[in-house]
Amino acid sequence: MKILIQNYSNNLTTRPMYLNECFQRTNGVESFLWNPGFDKVYDTIDKVRPDVVLTSYATLNEDLIKYLNKNKLRVICDITGAEQGIVNQLDAMLPAEFYITENFEFVEDLQSKRKIHRLYPCHDMFLAPQDFPVFDGVGLVATKENEQLLEEKSQHQYHHTIHIGKGDEKFDMSVYITLLANLYDKYNQIVLCDNIKTATSQLFFDGLARSKKFSVKLPPEETDLFPQFLKMVFEEEQQDVIDLLGAIKQQVMTNHTCFNRAKELLNLLGKTDVEIQQ
């Protein structure tokens, strides 16, 4: 099976990159990562000749839609972050076998005539380590300035405010998700100050797996959703567990890594007898 993956990575996910890396380690699977900003549609697909194309609603263009409608390929579309109107358009013009999304049910409840499979976010174990100095205090992380961030700034002896994305002068630094992975363990504590969508994204799993101490600060109207999220992704630990944080981190490393999600997607594609070299 040949799989061609558009690189639709963004501030909240590196899914295309880690799936490609996992698939390249899988027997019976060939995987290719495609940068749609540089490589043309027809040249890329004709060169690779894939059996499966994994794309995203955010990176689809007219040429790709035309090609996929003219050629018999298995098409999977990631609709994470899409609104209902976008899904309706995809139903009408894209010959997708099924859709996938990283969002939980309480974040989005989209309807489609095609099956929507929830492949939840996870920890990307392939993000390469880089050398950074170790900082004392707290690192406050957010996608934009918000009330939670301002509240935490007033309560903590924080070291840096860290913005996810392009530069924002209201923050001490701005980084992308790939670089942020190298900063989690450089602080005594990381506090993710954002909304429930961001707090349940890959940032949560990367942060929890890599940080010395990790917590989330949500808007008051969304705080009740977080325990629901925790119950969905974690098994309840025994009351006599001494290192609870360590036990939860182990659950991440066992059940919520890029290898888990790659295996789930391969199962959806009918490849149930494959081994991924970790």
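How far does the backbone oxygen of Asp78 lie from a polar atom of the side chain of Ser56? The legends below answer this and describe further close-up views of a predicted model.

**Figure 1. Surroundings of Ser56 in strand β3.** The distance between the backbone oxygen of Asp78 and a polar atom of the Ser56 side chain is 3.5 Å. Ser56 belongs to β3, which spans residues 52–56. Ser56 counts as buried because its relative accessibility is 4%, under the limit of 20%. Beyond residues up to four places away in sequence, Ser56 touches Gln6, Tyr8, Cys77 and Asp78.

**Figure 2. Phe135 in the loop between β6 and β7.** The loop that holds Phe135 runs between β6 (116–118) and β7 (138–142). With a relative accessible area of 14%, Phe135 is buried. Apart from neighbours within four places in sequence, its contacts are His159, His160, Lys186, Tyr187 and Asn188. Glu169 is 34 residues from Phe135 in sequence, and their C-alpha atoms are 21 Å apart in space.

**Figure 3. The largest nonpolar core.** This core comprises 28 residues, and those with the most contacts inside it are Val141, Leu180, Leu203, Phe204, Phe214, Phe226 and Phe229. At least two core residues come from each of β8 (158–164), α6 (177–180), β10 (189–193), α7 (196–199), α8 (202–210) and α9 (225–233). Helix α8 gives the most, with four residues. In soluble globular proteins, nonpolar side chains tend to be buried together. Leaving aside neighbours within four places in sequence, Phe204 is in contact with Ala199, Phe214, Val216, Phe226, Phe229, Leu230 and Phe234. A second core, separate from this one, has 23 residues, including Tyr18, Leu19, Val29 and Phe98.

**Figure 4. Buried and exposed faces of helix α5.** Helix α5 covers residues 147–155, and its buried residues are Gln148, Leu149 and Glu152. These residues lie on the same side of α5 because they cover an arc of only 100 degrees around the axis. An α-helix has 3.6 residues a turn, so residues three or four places apart point the same way. The buried residues of α5 pack against β7, β8, β10 and β11 (214–217). Exposed residues Glu147 and Ser154 are carried on the face turned away from the buried side.

**Figure 5. Polar contact at the start of α5.** A side-chain oxygen of Asn146 comes within 3.1 Å of the backbone nitrogen of Gln148. Gln148 is also one of the buried residues of α5.

Definitions and conventions: Residues numbered from 1 in each chain as written. Predicted model: local features only at pLDDT ≥ 70, side-chain atom pairs only at ≥ 80, totals over all residues. Heavy atoms only, no water. Buried < 20%, exposed > 50% of the residue type's maximum accessible area, 1.4 Å probe, protein only. Polar contact = N/O pair within 3.5 Å; in protein donor to acceptor, adjacent residues only side chain to side chain. Contact = heavy atoms within 4.5 Å. Core = buried A, V, L, I, M, F, W, Y, C linked by side-chain atoms within 4.5 Å. Arc of directions from axis to C-beta.
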